[in-house]
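Me: Mind walking me through this one? I'd like to go over the sheet and then the ligand site.
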Amino acid sequence: MKALVTGKLLEPILARVRVEHEIVVNEAERPMEREALLDQIGDKEGLLCMISDRIDAELMDRAPRLRMIANYGVGYDHIDVPAATSRGIMVSNTPGVLTDTTADLTLALILAVARRVVEGDATTRSGRFRQWTPFHFLGTDVTGKTLGIIGLGQIGTEVARRARAFRMPILYHNRRPVSAELERELNATFADMETVLSQSDFVSLHVSLNEQSRGMIGRAELALMKPTAFLINVSRGPVVDELALVEALRNETIAGAGLDVYEREPALTPGLAEFKNCCLLPHVGSATIEARTRMGTLAVDNLLVGLADRIPPNCLNCTDLGRDKA
Ligand code: DGY
């Protein structure tokens, strides 16, 4: 069968596809252009796509033979899953394998903004570190501060586990509370959004992007945060209204932000790059050699199983397709 792989994977991982199928791989270190994607998809049965690709009804209509879309990543807001379902196409993602890696980066952002790590590095490199003084580069403690988690799913839970080492009480908001046992383990208390926003010293976002979460953190929500609190986002950029964030940073109604994702990624909202109290990373939540190897392996597992017309391990729509997951 024929498959399109829209980003480079390690060769031993790709070799597992090559032995069974004919594949076209985007070898460039950049996402496939939309036109190239539309041109290439026409005769493919399988697609292994990246989170930077828009996989919509237009693309699916160009691919009458397409039966399996394996996403290289856990977030799948760039894929129109209902459109795939209505065309009988299975869709999968790669949950679990990047949870620890993304949770680690969340802690890195919390520490970076609290202790002004990036700003301090720039100062030292540029020769502006001249002497130690009592008030030089004061940051804020992390240990013992309250961590607010919006979305206590797999990644949020791992962030909370790491925060225990910093003796941070957790306030969290979810659609539903987690079990009492997990709350005890994490020292976590369920609260409404307003309470989490207004009482936390760090507010960390771990929701997936959907119509409920788009723009979830806007002007009103930012206004609830303490002027000493930091916003951390490693989920999806459009969860935060970036214009409102720039306004809050400019008016100093929050203390800073640690971001890995952006509303109009990779573009930054004008003004955002000016703030020294922000750490801005280029969407690297899962960017370790280990996590990317696990993601590639799992995406290929899903692709191969789907192309064999069986149920992929991480199928997102098999139940809706009327296929038994068991
Ligand atoms: C994902 O898997 O959704 C991540 O954002 C990729 O880094």
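Reply: Sure. One term before we start: two strands pair if DSSP finds at least two bridges between them. Also, keep in mind that this is a predicted model.

Me: Which strands are the edge strands of the open sheet?
Reply: Seven strands make up the open sheet, with parallel pairing, in the order E8-E7-E6-E9-E10-E11-E12. An edge strand pairs on one side only, which leaves strand E8 (188-190) and strand E12 (278-280).

Me: Which residue in E8 does Ile170 stand opposite?
Reply: Start from the pairing: strand E7 covers residues 170-173 and runs parallel to E8, with three bridges between them. Ile170 has as its opposite number in E8 Ala188.

Me: At what angle does helix H7 run to E6?
Reply: Helix H7 spans residues 154-164 and lies across both E6 (147-150) and E7. Angles here go from 0 to 180 degrees between N-to-C directions. For H7 against E6, the value is about 170°.

Me: How many residues of the shell around the ligand are charged?
Reply: The shell is Ile51, Gly73, Val74, Gly75, Leu98, Arg236, His283, Ser286 and Arg292. Gly counts as polar in this scheme, while Arg counts as charged. The split is three nonpolar, four polar and, for charged, two.

Me: How much of the ligand does the protein bury?
Reply: Take the polar contacts to ligand oxygen atoms: a polar backbone atom of Gly75 sits at 2.8 Å, and a side-chain N or O atom of Arg236 at 2.6 Å. Ser286 also has a side-chain N or O atom 2.7 Å from a ligand oxygen. On its own the ligand exposes 230 Å², and the share of that buried by the protein is 91%.

Definitions and conventions
Residues are numbered from 1 along each chain as its sequence is written. This is a predicted model: local features need pLDDT of at least 70, side-chain atom pairs count only at pLDDT 80 or more; totals for chains, interfaces and linings use all residues. Side-chain values use heavy atoms; hydrogens and water are left out. Helices (H or I, at least four residues) and strands (E, at least two) are DSSP runs, numbered from the N terminus. Contact means heavy atoms within 4.5 Å. A residue is near a molecule or strand if one of its heavy atoms lies within 4 Å of it. A polar contact is a pair of N or O atoms within 3.5 Å; within protein, one must be able to donate a hydrogen and the other to accept it, and residues adjacent in sequence count only if both atoms are side-chain atoms. Accessible areas come from the Shrake-Rupley method with a 1.4 Å probe; for residues, only the protein chains shown count as cover.
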